[in-house]
Amino acid sequence: MSPRMAAQISDAVVVDVLRRVDRLATPLAARLGRPPELPQTERDAWWAHRVSRVAAGVSAVPRFAGKLADLLPLQNTVGTAVQSVVVLGVAGEHGVTGSAERVSLLARVLLDRNLPPSEVAPLLVKSRGTYRGEAFGAAEERKGARGAVRTIWRVARLLSRIDEALDARPKGKLRHRLLSNIPVVGVAGGYAAEREGLRRAAARTAAVLAEGLSAPA
């Protein structure tokens, strides 16, 4: 999908979706719990490799449907939902705590869209609780392993509102993506592609933070 088509989605809609993604996925990233004794230099890599081994399996599941997954707002939304957890996990390692900064980072890494925090902040002023129950679910439903899966699916549902912009997300190797088009056996290709996509998402997050969120995309 062309960048021109993706740009048809307004900044306000993008920010509204990503602020909800942030509120769901940031607590999940915190619960995943990177080992506290891990040296700073290895922390980004932990999110890129250790988390990807678990999360890529979730994002590869739609590949049971093979090419059909691309015809539905499923593969991109689930894959991006998992990547958002990794992006926010790496953000936490770099001390990014402000909502505007996290939303800006999600937009840069997942949508390849340059929305500096200064532009995001005014768009975060929304009436609170309007869609809270529908978007986030009850607090008790977000606990434990099942809660993590529910959270990923809720994030995916939110991202379906901007599905046409999700083709910009980090992706895996082409050969793995081609294999993922085959029903059932495509899961192996989908797993490899999503795991590589998650590593690239973590690396892109670290690179964006090193450059500074206000730098041009």
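This briefing walks through the overall fold, one helix and several salt bridges of the structure above. The model is predicted. Its protein chain has 10 helices and 0 strands, and 47% of its 217 residues are buried. Helix α5 and the salt bridges that reach helix α2 get most of the attention below.

**The chain as a whole**

- Followed along the sequence, the chain reads α-α-α-α-α-α-α-α-α-α.
- If you take the contacts between residues at least 6 apart in sequence, 76% of them join residues at least 24 apart.
- The accessible surface of the protein chain is about 10,600 Å², and carbon and sulfur atoms account for 58% of that area.

**Helix α5 and the residue just after it**

- Helix α5 covers residues 99–111, which makes 13 residues. From first C-alpha to last it reaches 17 Å, close to the 18 Å expected at 1.5 Å a residue.
- The rest of the structure largely encloses α5, because 11 of its 13 residues are buried.
- The buried set in α5 includes the leucines Leu105, Leu106, Leu110 and Leu111, along with Val103 and Val109. Ala100, Ala107 and Ser104 are also on the list of buried residues, as are Arg102 and Arg108.
- Asp112 comes just after α5 and has a positive phi of about 55°, in a residue other than glycine.
- Asp112 sits in the loop between α5 and α6. With a relative accessible area of 53%, Asp112 is exposed, because the cut-off for that class is over 50%.

**Salt bridge Asp11–Arg113**

- The structure holds 9 salt bridges, and one of them brings together the side chains of Asp11 and Arg113 at 2.7 Å, N to O.
- Asp11 belongs to helix α2 (residues 11–32), while Arg113 belongs to the loop between α5 and α6 (117–123), so the pair ties together parts 102 residues apart in sequence.
- The two partners fall into separate burial classes: Asp11 counts as partly exposed at 31% relative accessibility, whereas Arg113 is buried at 16%.

**Salt bridge Arg161–Asp16**

- The side chains of Arg161 and Asp16 meet in a salt bridge at 2.9 Å, N to O.
- Arg161 lies in the loop between α8 (144–159) and α9 (174–179) and Asp16 in helix α2, so this pair links parts that are 145 residues apart in sequence.
- Arg161 has a relative accessible area of 43% and is partly exposed; Asp16, with 9%, is buried.

**Salt bridge Asp22–Arg102 and a shared network**

- Asp22 and Arg102 also form a salt bridge through their side chains, at 2.5 Å, N to O.
- Here the connection runs from helix α2, where Asp22 lies, to helix α5, where Arg102 lies, so parts 80 residues apart in sequence are tied together.
- Both Asp22 and Arg102 are buried.
- There is also a network to look at: Asp16, Arg19, Arg20 and Arg161 are joined into one by salt bridges that share partners.

Technical notes
Residues are numbered from 1 along each chain as its sequence is written. This is a predicted model: local features need pLDDT of at least 70, side-chain atom pairs count only at pLDDT 80 or more; totals for chains, interfaces and linings use all residues. Side-chain values use heavy atoms; hydrogens and water are left out. Helices (H or I, at least four residues) and strands (E, at least two) are DSSP runs, numbered from the N terminus. The expected span of a helix is 1.5 Å times one less than its number of residues. Buried means under 20% relative accessible area, exposed over 50%, partly exposed in between (1.4 Å probe, protein chains only). A salt bridge is a side-chain nitrogen of Lys or Arg within 4 Å of a carboxyl oxygen of Asp or Glu. Contact means heavy atoms within 4.5 Å. Accessible areas come from the Shrake-Rupley method with a 1.4 Å probe; for residues, only the protein chains shown count as cover.
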